[in-house]
Amino acid sequence: MRIATWNVNSIRTRIDRVQAFLERSHTDVLAMQEIKCRPEQFPTTPFEQAGYHVAIHGQGQWNGVAVASRLPITDIQDHFPTQPGFGTPPTVEARALGVTIDTSDALLPKEGEASSLTVWSLYVPNGRELTHPHYAYKLDWLAKLAEQGRSWLSDPGARIALVGDWNVAPNDEDVWDMAAFEDSTHVSAPEREAFAAFARDGWIEVTRDRVTNYTYWDYQKLRFPRNQGMRIDFAYCSAALAARVTNAQIDRDERKGKGASDHVPVIIDVA
């Protein structure tokens, strides 16, 4: 079974590329971020014609998350419990979408395992600047997700994936030049600490030891041709699911050509 996560940076702009990726990669479940549209604007028909069920949580031209699955989706959550909001009054943004997928025909449970798979498509707040209220919001958002994640892990047989654009570069090697990020978000100690908390809680990031590459290159200043990128898209899995991961890859070629997103798909294989 193949699961992928991809910040598509506007699904309506990049639907042709997403369709081509799904066909080429044989992905079973695709978690998308920054779809940038309302649910009724989402191009559902091409997915359905290709055999995918689709869950969508959008709010207009900003944010938005979705999941496309070849396997039946049996439950949808458009936020996680205690997910904080931003602004005055605080608005819970379209940044988290959890779907429960019936994997009974594709991923038979081992003894003690859940029979279903839960995939969360996550678009973690950017933070903007270290002194900006959005930065405090980002840290609170990650802390609340970690708190909820601990309750999910209370079931040792749970098969859960937290995938998406985390907007954190956890290690120095995850950016092309640390000097370029001095006093910037994504690499600050509190953000890295918030990301690392998931591993301490028992989540396993399953791509780091299997593949090395950036996952994001800004459109400006020839960042991609110069390979001046960032690694900010990850897959944290519960122990039961992580034990089933056999491979991971980063589709760097998807950043090439006309109309590319600034992120590329991150793929994991589960058996």
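Author: Let's start with a yardstick: buried means under 20% relative accessible area, exposed over 50%, and partly exposed in between (1.4 Å probe, protein chains only). This is a predicted model, where local features need pLDDT of at least 70 and side-chain atom pairs count only at pLDDT 80 or more, while totals for chains, interfaces and linings use all residues. Residues are numbered from 1 along each chain as its sequence is written, and side-chain values use heavy atoms, with hydrogens and water left out.

Reader: Why is His-263 called buried?

Author: His-263 has 3% relative accessibility. Buried means under 20%, so His-263 counts as buried.

Reader: And what makes Tyr-123 buried?

Author: Its relative accessible area is 9%, and the cut-off is under 20%, so Tyr-123 is buried too.

Reader: How do you know that the side chains of His-263 and Asn-7 make a polar contact?

Author: A polar contact is a pair of N or O atoms within 3.5 Å; within protein, one must be able to donate a hydrogen and the other to accept it, and residues adjacent in sequence count only if both atoms are side-chain atoms. The pair from His-263 and Asn-7 sits at 3.5 Å, so it passes. Tyr-123 has a side-chain polar contact as well, with Glu-34 at 3.4 Å.

Reader: What makes the Glu-254 and Arg-24 pair a salt bridge?

Author: A salt bridge needs a side-chain nitrogen of Lys or Arg within 4 Å of a carboxyl oxygen of Asp or Glu. Here the N to O distance is 3.0 Å, so the pair qualifies. Glu-254 lies in the loop between strand E11 (245-250) and strand E12 (266-270) and Arg-24 in helix H1 (residues 11-25), so the bridge ties together parts 230 residues apart in sequence. Helices (H or I, at least four residues) and strands (E, at least two) are DSSP runs, numbered from the N terminus.

Reader: Are Glu-254 and Arg-24 buried or exposed?

Author: They fall in separate classes by the cut-offs above. Glu-254, at 5%, counts as buried, whereas Arg-24, at 48%, is partly exposed.

Reader: Why is Arg-200 called exposed?

Author: Arg-200 reaches 55%, and exposed means over 50%, so the label fits. Its salt-bridge partner Glu-193 (2.5 Å, N to O) has 43% and counts as partly exposed.

Reader: How many salt bridges does the structure hold?

Author: The total is 18.
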